Amino acid sequence: MEKTFEQKAVEIAKLMQDGKGRDVTLIDISGLNSWADYFIIVTVTSSALQQGLAKQIKEYIRENDLEIHPTNRRTPDGEDWHLIDLGNIVIHLMSEQAREFYNLEKLWFKGRVIEL
């Protein structure tokens, strides 16, 4: 049976936890916009961890019929914030400083936080 996007989002979020991502938050934003259903927000403590988690995500999407959508960001992904857009699921790998500064949880406070 085909997994739902919510099931896939939960699996990716748990993968981020298992991969040592900190403060992993999964938010259902489907009722708040037309371009994505789930945000996964992860604090990363080093660029090596960020790269390792991104690699795990790429392995997961190959096995689960997902694809990365190119992003049109004005600034290239840096150490502070790496965004991976899977269409319905958007993953934010963020440094502690970027996560505090942008505070996506506060911005999307009307979304439903999904317990992992």
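**Group meeting talk: two loops, a helix pair and a core**

Let me start with lysine 20, which lies in the loop between H1 and S1, and please keep in mind throughout that what we are looking at is a predicted model. Lysine 20 has a positive phi of about 80°, although this residue is not a glycine. As a reminder for anyone new to backbone angles, most residues other than glycine have a negative phi. Is lysine 20 buried or exposed? With a relative accessible area of 61%, lysine 20 is exposed, because exposed here means over 50%.

There is a second case to set beside it, and that is aspartate 65, found in the loop between H2 and strand S3, residues 81-85. Aspartate 65 is not a glycine either, yet its phi is positive, at about 55°, and with a relative accessible area of 66% aspartate 65 is exposed.

Moving on to the helices, H1 covers residues 5-18 and H2 covers residues 47-63, and the two pack at an angle of about 150° with their axes 10 Å apart, in a crossing that is right-handed. Which residues of H1 and H2 meet? On the H1 side they are Lys8, Glu11, Ile12, Leu15 and Met16, and on the H2 side Leu53, Gln56, Ile57 and Tyr60. Taken by character, the residues of this contact comprise six nonpolar, one polar and two charged.

Now to the strands, beginning with S1, residues 22-28, where five of the seven residues are buried, so that S1 is largely enclosed by the rest of the structure. S1 pairs with strand S2, residues 38-43, in the antiparallel sense over five bridges, and arginine 22 stands opposite threonine 43 of S2. S1 also pairs with strand S5, residues 112-113, again in the antiparallel sense, over two bridges, with valine 113 of S5 as the bridge partner of isoleucine 27.

Finally, the interior: the largest nonpolar core has 24 residues, and those with the most contacts inside it are Ile12, Ile40, Ile91 and Leu93. Two or more residues of this core come from each of H1, S1, S2, H2 and strand S4, residues 89-94, and H2 gives the most, with six residues. If we look at isoleucine 40 and leave aside its neighbours within four places in sequence, its contacts include Ala9, Ile12 and Ala13, then Val24, Thr25 and Leu26, and also Ile89, Val90, Ile91 and His92. Apart from the largest core lies another, of 12 residues, among them Trp81, Leu83, Val90 and Ala98.

Definitions and conventions
Residues are numbered from 1 along each chain as its sequence is written. This is a predicted model: local features need pLDDT of at least 70, side-chain atom pairs count only at pLDDT 80 or more; totals for chains, interfaces and linings use all residues. Side-chain values use heavy atoms; hydrogens and water are left out. Axes are lines fitted to C-alpha atoms, for helices over the stretch in contact, and angles run from 0 to 180 degrees between N-to-C directions. Helices (H or I, at least four residues) and strands (E, at least two) are DSSP runs, numbered from the N terminus. A crossing is left-handed if the near helix is turned anticlockwise from the far one by less than a right angle, and right-handed if clockwise. Contact means heavy atoms within 4.5 Å. Ala, Val, Leu, Ile, Met, Phe, Trp, Tyr, Cys and Pro count as nonpolar, Asp, Glu, Lys and Arg as charged, and the others, Gly among them, as polar. Buried means under 20% relative accessible area, exposed over 50%, partly exposed in between (1.4 Å probe, protein chains only). Two strands pair if DSSP finds at least two bridges between them. A nonpolar core is a set of buried Ala, Val, Leu, Ile, Met, Phe, Trp, Tyr and Cys residues joined through side-chain atoms within 4.5 Å.
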